[in-house]
Amino acid sequence: MRGRNAERDRIEQLLADARQGTSGALLVHGEAGIGKTALLDYAAGRADGVRVLRVEGIESEMELAFGGLHQLFLPVLDLVDALPEPQAAAIRAVFGLTGDGVRDRFTVGLAVLTMLSEAAADGPLLCLVDDAQWLDQPSVDMLTFAARRLRTEGVVMLFAARDGAPGAAVKGLPGLLVEGLDRAAAAELLPGLPPYVADRVIEEARGNPLALIELSAALTPAQRAGRLGPSALPEAAAGLPSRIQDGFLEQIRRLPEATQVVLLVAAADDTGDLTVVLRAAEPLGGGIEDLEPAERSGFVLLSGAVVRFRHPLVRYAAYQGAPLARRIAAHRALAEALGAAGQVHRRAWHLAAASTGPDERVAEELERVAEWAGSRQAMASASAAYERAAQLTADPQLRARRLVRAAQKAADAGQDERCGALADQVPLPLEDPGVAANFARARAVVELGYRRPETAARILVDSADLTGAGRPDTMASLLTDAVHAAFSAGSATLIEEITSRAPDLPVLTVPARLFGGDVPGALDALHALVESGRNPAAGVMDRLMTGIYCQLTGDHAAAREAAAGAVAHCRDQGISGWLPTTLHLLAQAELALGRHDEASAHAAEGLQLAEYYDLAHRAAHLRAALAMLAGVRGQEEEGRALAGEALAYTRPRGVGRGTADALWALGLLELGLGRAEAALEPLESARREAAHPLLSLPLLPDLVEAAGRAGRPERAAETARLLGERAAALGQPALSALARRCQALTGSDSAAEEHFTAALALHEGGSDYDRARTALLYGEWLRRLRRQIDARDQLRAALEAFERLGARPWADRARAELRAAGGETGLTAREDGPISLLSPQEREVVRLAASGASNREIAAQLFLSPRTVGHHLYRAFPKLGVSSRTELARLLAS
């Protein structure tokens, strides 16, 4: 019942009404395989305490008058004796229990109505009529006659009928059109398929559940691994164990030979362009007039210059039912027709589908297709074209180059697993140093994505050492990717080793100087890097590393700018594989700036993408970020679950940065909930995991606070001193504010106020969350000195900020302190406001709608259907007391 919430709700309501004595009827209709029977099964499964009668239409019994009615009432035939005599006589006659003829069908209809009422005398009754189109028409007429007249009997009648099928017609009942599943629900029916293959199956099946199951079952191992072109899916012969499929195939074979030819060409074509189909069919003996039998049979729909199959399994049957030689001929004919129409890219794919062995001419055409697709941000398509070109290539070195390019484009598309599968096919050894360098990068993508980031970095460094002399132009990309992997590993030693190979390379100069102790030199180099990152030509990795370095040096506004640029670059260029990584960096920057809602939205989107593309490494980092946000908000169960999932991945693989972040999140959660002693262990573990002071710098303020509140000043003083030194060297106001706060907590009371006031001044224009935490600590300190009035000012400011940010545990602490200081605490918690009435999904939809995004844009970002987005807004508006997007934007702004 995936993706059928609205349909289930409708059925549940009918059953609920029946339990209260109200009758109802519904016609569930849609195309073959769309899930009508599944909905009737669901109704039967939910009918606790409800008597169920069921009949299924059978095509071979359609001419047996009243046969369906007899089958439905067979379990309650004894009720006939309780009917008024004329009605009983009529029922006995139509069931063949007497030799009387049926003289009055109106009486038969009344008898059916009475039978239903009698069957519901002791409790609700559910009547299920499946495949009504194959029931005999007299039975359907009598059942619908009764259904239209039911009122207070407690009877529910559900009819399921296939649209467009010849046979009995169900008239005059409320209808429920069952449409294709949305993308998310459809993907759940395709377990084990890589996302890019699942996307193709979903596209072909148009959301039809049966087609989704049948088409995925028919994929060959190669197709499951991602070897897909734009021609009919699947491309290789395979049987489909489906009664519906067999029926389609049998009906197609009854059509004239020329009609089958035109259908085959239309099935092999992916444009739906009638002109192209007819041009290709002509040399094979088919013409426009040959489509008439297929149109009359309901297999195809013709509209203007478009030909469309009524059902995806009809297309598959038309293609797959043809012999291989005919399919090859159809692809060749389409290649000629498309070439004449100027569609050279589609032409290349059809030539490839018609090839039965190596063909360098076709391979070159496909390589041009790949370059064209890559230039238009269609990375998955580019990868598929490079792979098919490689399959048609006889020369091993040329095949290797094309396979490596296919792997790289797969990685750009977020297909890391497929990237690895393609890399495994590369014939070794590689003679070209450039190909060898790209091969190393492809292998590193897989290693970073699923195994150990340190190993990924080693692969890249080794390749740089081997190929650097022959191809110095490969050094920059290899070492940049390597230092990115080293940061993920959280290894300062590895970072220093990598940067020592090319310390003058702009993207490596910052870490080379920073970890080497030359902070001013590092900041100068970073300034130049930030400026170059603003150039539209800057690549995603340069932007990403710039953002990481800004984050490392405490310049979170610059980190946000770089991260936002990297996200935009990925979206614009179609580099979906890197989008979760850039969204993670953006979420971290927003979190550091105190923009928690924005951070949550970016992290949630990134995690959704990472899970969709099966990017386990990036998903772990994003879970750690979301755990941090849960800690800020006091969502204990959610925070622990997210951090636990992150640690389960990062610890065994040596993902030090992710491990440190997840542990930090756990420590922050404990600290916010007032459990300082419990916070110390994960925070100190996080510091050890980060190892180098530069890598552990962001978590030091929390560690100082936890140690101080736990009565362990000896664990706080040295940390506060180190933080002060780093803050002074880096010169960032936000970091300096945190350092002064820590000095206030660990120094003498005589100097504390100076540090607190300096910290508050430095917080201006920065994170409201950090400023509120400083105000809370300052207020607590003032209250201990019995300066109640001064304390109230700080505590009230902290409480207001925490309420606004939704930082519940911190607000609770501030409220308790304010109450102890004799202040008013009657503020309304944010969670008690109207936003709290929304589900998490509704909140995301509402946030994006308020920003001006259309339903389609929201759907694309959240992986929902536009209809689902509309449903969420329809439910959210009354909860929020608004009636338009303009009012919604005003509400959220306030």
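Start by selecting Asp131: with a relative accessible area of 17%, this residue is buried, because buried means under 20%. Keep in mind throughout that the model is predicted. Asp131 sits in the loop that runs between strand 3 and helix 6. Check its backbone as well: phi is positive, about 50 degrees, although Asp131 is not a glycine.

**Strand 3 and its neighbours**

Next, select residues 125–130, which form strand 3. How many of its six residues are buried? Six of the six are, and the strand is mostly covered. Show the side chains and look along the strand. Leu125, Cys127 and Val129 point one way, while Leu126, Leu128 and Asp130 point the other way. Residues on both sides of strand 3 are buried. In a regular strand, side chains alternate between the two faces of the sheet.

Add strand 2, residues 51–56. Strands 2 and 3 pair in the parallel sense, over six bridges. To find one of the pairings, pick Glu56, whose bridge partner in strand 3 is Asp130.

Now add strand 4, residues 155–162. Strand 4 also pairs with strand 3 in the parallel sense, here over five bridges. Val129 of strand 3 stands opposite Phe159 in strand 4. To follow the connection, show helix 6, residues 137–147: the chain leaves strand 3, passes through this helix and reaches strand 4, a β-α-β crossover that is right-handed.

**Asp290**

Move to Asp290, in the loop between helix 13 (274–281) and helix 14 (292–296). Which side chain of opposite charge is nearest to Asp290? The nearest is Arg296, 10 Å away; Asp290 is buried yet has no salt bridge. Turn instead to the backbone nitrogen of Gly287, which lies 2.7 Å from a polar atom of the Asp290 side chain. Leaving aside residues up to four places away in sequence, Asp290 touches Ala258, Thr259, Val262 and Gly285.

**A cis peptide bond**

Select Leu428 and Pro429. The peptide bond joining Leu428 and Pro429 is cis, with omega about 0 degrees. Pro429 belongs to the loop between helix 21 (416–424) and helix 22 (433–450).

**Ala717 and Thr746**

Go on to helix 38, residues 713–730, and pick Ala717 within it. Ala717 is partly exposed, with a relative accessible area of 38%. Then draw a distance from its C-alpha atom to that of Thr746. The two C-alpha atoms are separated by 5.6 Å, although Ala717 and Thr746 are 29 residues apart along the chain.

**Arg786**

The last residue to select is Arg786, in the loop between helix 41 (768–784) and helix 42 (788–805). Is Arg786 buried or exposed? Arg786 counts as exposed, at 71% relative accessibility, because exposed means over 50%. Its phi is positive, about 65 degrees, although Arg786 is not a glycine.

**The whole chain**

Finally, zoom out to the full model. The protein has 47 helices and seven strands. Of its 894 residues, 56% are buried. Among contacts with a separation of 6 or more, residues 24 or more positions apart account for 65%.

Technical notes: Residues are numbered from 1 along each chain as its sequence is written. This is a predicted model: local features need pLDDT of at least 70, side-chain atom pairs count only at pLDDT 80 or more; totals for chains, interfaces and linings use all residues. Side-chain values use heavy atoms; hydrogens and water are left out. Buried means under 20% relative accessible area, exposed over 50%, partly exposed in between (1.4 Å probe, protein chains only). Helices (H or I, at least four residues) and strands (E, at least two) are DSSP runs, numbered from the N terminus. Two strands pair if DSSP finds at least two bridges between them. A crossover is right-handed if, with the strands pointing away from the viewer, the path from the first strand over the helix to the second runs clockwise. Lys and Arg count as positive and Asp and Glu as negative; His and the chain ends are not counted. A salt bridge is a side-chain nitrogen of Lys or Arg within 4 Å of a carboxyl oxygen of Asp or Glu. A polar contact is a pair of N or O atoms within 3.5 Å; within protein, one must be able to donate a hydrogen and the other to accept it, and residues adjacent in sequence count only if both atoms are side-chain atoms. Contact means heavy atoms within 4.5 Å.
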